Amino acid sequence: MKLKLLEQLKKQPKLLVALGASLGMVAGGAVAWMLVQQKPTAVGLPAGSEVLPQETVALFSFSTNENQLQQLRRLGTPESQSALDRTVADWRDRFLMSNNLNFDRDIKPWVGDEMTVAFLSAAQQATESPVIVLPIAHPEKAQQAFATPKVASGQEAVDRDYKGFKIREVHGQTDRAYAVAVIDNRLVVVSPDPKAIEQAIDVYRGKTSVVQAPGYAQAFRQLETTANPFVRFYLNVPQSIALAANNPMQPLPPQMLIPFQANQGFVAIGTVDRQTVNFEGVGWLPNDSKIRYRTGDQDDRITTLLPAETLLVNSGDSFKQFWQSIDLPQENAPRGTFNPSLVRQSFGNLTGLDFDKDMAAWMDGEYAISLISAPPASPANQSTNPQTNQSRAGILLLAQTSDRRKAEQTFQKLDAVMGDRYRFQVTEAQLGGKPVTTWVSPFSSLSITHGWLDGNVAFIAIGPNLASTILPAPANALAQNTLFQSATESNFQSTDGHFFLDLDRLATPNLPLPLPKLAPNDQKAVNAIRAIGATTAAQDGRTMRYDIQILMNQSSKAPTAQSSPSPSPESSP
């Protein structure tokens, strides 16, 4: 039978060719399938993801659609609009113009829908060197742009080969030197550090990419339903914390990392809607994390207990869990951020108590940490000093407990410490029909009141007359504040917590607060914002969803025509 089959194949060479082609297609398809399995697709992910290493610290992908930028330019005040134009000019023109390049002439004709700026880990390269990835939408125009090196006076271009790819290095001006390579006629990779270009080539040729970073692709694909984002970004949180702790040239202010300290990663996308900048985000815990988010319907009652005059609030479903999530070893905490170790140490030194055992342990229900505008003192208690009688802001902590006995034991110990050690006047009284205890320091410079609200919710109010904002229950609660509602609007079926910052009222001149004076450009940005709000919801035990709204002040004037101002030497993106 085998001989007959061979004879038939010899007599019909076309059949032999067809069979061989079929086998080749099957084999080729199998090889292609294996390659696809080994190298996950980057479709739907930020541009250039497939050439960035798994250890990438952070990446930001910006839309190249000019309509997106125009939408942003319509927000805020004339001053903030001008500041945005200058920042765009810095990003777009400072590096380009100094190297005899022009965005409209040399990049815009061929670039794709978005460009990515990535920061690699300190172990891989100099942390101050970003990697810029530009997707090619029109290969012919890109070839024309790169056919002849464009160099500035005093520069020279040198081409070299690296694993089959041409890297063009521009030398001559150290602070403006850069390297560029075209990968697979699909991506242009640019960096001040030639080693970063080599890394991108290595990743393209098989090294592990950021696409395979735990949670990266899954998180972005959860947010695919949102159309036309102007920015998408990713943070490798442990790497970002290490970068912030050890290098001043971090891509993000270290304070922004506080809410995500327990996470392995965080991704978000940004859109513009009328007078609001919206961000949707996903954060996830490491597989070996001992923290697990609570799931299911939460009460979300805490904001009904706060007054409408609340200026800032951070709330959640468990202070104990929140404390654990931000509790990093002191040596790993980002510089300039809130450090739980310092709180723990200071609390122990001041009171002789253990913050974890005597405080955080019983705060296992809903909580809120807030800054509230307190009313002036009553006429009977007013001072002859007018500054003492004006409106002030105080700190209010609310915490629900399932172990009230443990909480009351802690308060009894604190009452004794404040009276015996620090000679505070400790008094008990009734306020709004509830018993409260107040500590007043010598010379009445500090007043602290603690007590209980309905539902086993303990409160500590730091500031004179501050407890009167919640006892009796406020007629106008924060939950009914229209600005709060707009800033924390969300489609989540159940929520775990909120963040709210009323910048309009916080910047009121007659509200004295011990806040540092902002730089002029930062102050312009603050003046452009009415409020910032965020809502969180646990998707499962390891994943948290975020909805963030930045409500902008509306300018009475339309933005002026955008120009390309010369970048100021002292400004920084």
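Trainee: Is D358 buried or exposed?
Mentor: Start with the cut-offs: buried means under 20% relative accessible area, exposed means over 50%, and partly exposed is in between (1.4 Å probe, protein chains only). D358 has a relative accessible area of 9%, so the residue counts as buried.

Trainee: What kind of model is this, and from which number do residues count along each chain?
Mentor: This is a predicted model: local features need pLDDT of at least 70, side-chain atom pairs count only at pLDDT 80 or more, and totals for chains, interfaces and linings use all residues. Side-chain values use heavy atoms, with hydrogens and water left out, and residues are numbered along each chain, as its sequence is written, from 1.

Trainee: Which residue meets D358 in a salt bridge?
Mentor: Side chains of opposite charge can pair when their charged atoms come close. The cut-off for a salt bridge is a side-chain nitrogen of Lys or Arg within 4 Å of a carboxyl oxygen of Asp or Glu. Here the N to O distance is 3.9 Å, and the partner of D358 is K413.

Trainee: The salt bridge of D358 and K413 is 3.9 Å, N to O. How many residues apart in sequence are the parts that this pair ties together?
Mentor: Elements are DSSP runs, numbered from the N terminus: helices are H or I with at least four residues, strands are E with at least two. D358 is in helix 12, while K413 is in helix 14 (residues 404-420), so the gap between the parts tied together is 55 residues.

Trainee: Which residue forms a salt bridge with R344?
Mentor: The closest N and O atoms of this pair are 2.5 Å apart, and the partner of R344 is D356. R344 lies in helix 11 (residues 340-351) and the partner in helix 12 (residues 355-358), so parts 12 residues apart in sequence are tied together. At 26% relative accessible area, the partner is partly exposed. The residue asked for is D356.

Trainee: Which residue pairs with K108?
Mentor: The closest N and O atoms are 2.8 Å apart, and K108 pairs with E66. K108 is in the loop between helix 5 (103-107) and strand 2 (114-119), and E66 is in helix 3 (residues 66-73), so this salt bridge ties together parts 42 residues apart in sequence. K108 is partly exposed at 40% relative accessibility. At 44%, so is the partner, E66.

Trainee: How many salt bridges are found in the whole structure?
Mentor: Some are linked: R160, E169, K195 and E198 are in a network of salt bridges. A search of the whole structure gives a total of 19.

Trainee: How many of the residues of helix 7 are buried?
Mentor: Helix 7 spans residues 194-204. Among its buried residues are I197, E198 and V203. The cover includes strand 3 (130-135) and strand 4 (156-162), in contact with heavy atoms within 4.5 Å. Of the 11 residues of helix 7, the number buried is eight.

Trainee: Which residue just after helix 7 takes a positive phi?
Mentor: Look past the end of helix 7. Phi there is about 140°, and the residue is G206.

Trainee: Where does K163 lie?
Mentor: Phi of K163 is near 50°, a positive value in a residue other than glycine. K163 is partly exposed, at 45% relative accessibility. Its place is the loop between strand 4 and strand 5.

Trainee: How many bridges join strand 12 to strand 13?
Mentor: Strands pair if DSSP finds at least two bridges between them. Strand 12 (residues 367-374) has seven of its eight residues buried. Strand 11 (residues 310-316) runs antiparallel to strand 12, with six bridges. Strand 13 (residues 392-400) is also antiparallel to strand 12, and the bridges between them number eight.

Trainee: Which residue in strand 13 is the bridge partner of S373?
Mentor: Strand 12 has another pairing to compare: N314 stands opposite I369. For S373, the partner in strand 13 is A393.

Trainee: Between which residues is the peptide bond cis, with omega near -5°?
Mentor: Look in the loop between strand 17 (457-462) and helix 15 (482-487), where P472 lies. The cis bond runs from L471 to P472.
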